[in-house]
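Before going through the terms one by one, please look at the sequence and the model shown here. The questions that follow ask how each label was reached.

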Amino acid sequence: MDLVDICQQYQYLGIIINEHLSYEITATTLAESAGRALGGVISKFKSFKNVVFQKFSKLYHCGVVPVMDYCTGG
C-alpha cells in the first residue's frame with residue numbers, strides 16, 4: 001500500500017496550490033517574475049541608444065505581458 005505525502009503547497013504548471021487554494025502565493029510569484037522580465041527589457045532598452053518607443057512597447061508586450069497574463073483567465 002502506497003502512502004500519500006502531505007505537503008504545505010505544490011506547484012503544477014506554474015500554479016502554486018496550497019491547502020486553502022489561495023491564489024496569493026501564485027500572484028506574488030508571477031509578479032516577481034514579471035518584475036524581472038521588465039528589468040530585462042529596461043536594461044536592453046538602456047543599452048541600445050536611440051530606440052524608438054514602438055520597439056520598447058513591442059519588447060514589453062512580448063516579454064512582460066505574457067508573464068503577467070499567465071493563468072489570469074483573460
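**How the labels are reached**

Q: Why is T26 called buried or exposed?
A: T26 has a relative accessible area of 0%, and buried means under 20%, exposed over 50% and partly exposed in between, computed with a 1.4 Å probe on protein chains only, so T26 is called buried. This is a predicted model, in which local features need pLDDT of at least 70 and side-chain atom pairs count only at pLDDT 80 or more, while totals for chains, interfaces and linings use all residues. Residues are numbered from 1 along each chain as its sequence is written, and side-chain values use heavy atoms, with hydrogens and water left out.

Q: Where does T26 lie, and with which residues is T26 in contact, leaving aside its neighbours within four places in sequence?
A: T26 belongs to helix α1, which covers residues 24-47, where helices are DSSP runs of H or I with at least four residues, strands are runs of E with at least two, and both are numbered from the N terminus. Once neighbours within four places in sequence are set aside, T26 is in contact (heavy atoms within 4.5 Å) with G14, I15 and I16.

Q: What makes R36 exposed or buried?
A: The relative accessible area of R36 is 57%, so R36 is exposed. R36 is also found in helix α1, and its side chain is joined to that of S33 by a polar contact of 3.1 Å; a polar contact is a pair of N or O atoms within 3.5 Å, where within protein one must be able to donate a hydrogen and the other to accept it, and residues adjacent in sequence count only if both atoms are side-chain atoms.

Q: Why is the pair of F53 and F56 called stacked, edge-to-face or tilted?
A: Rings of Phe, Tyr and Trp (its six-membered ring) pair if their centres lie within 6.5 Å, and planes under 30 degrees apart count as stacked, over 60 as edge-to-face and the rest as tilted. A search of the whole structure finds two aromatic pairs. For F53 and F56 the centres are 6.1 Å apart and the planes are at 40 degrees, so the pair is tilted. F45, F53 and F56 form one aromatic cluster.

Q: How many disulfides are there by the rule?
A: A disulfide is a pair of cysteine sulfur atoms within 2.5 Å, and the count by this rule is zero.
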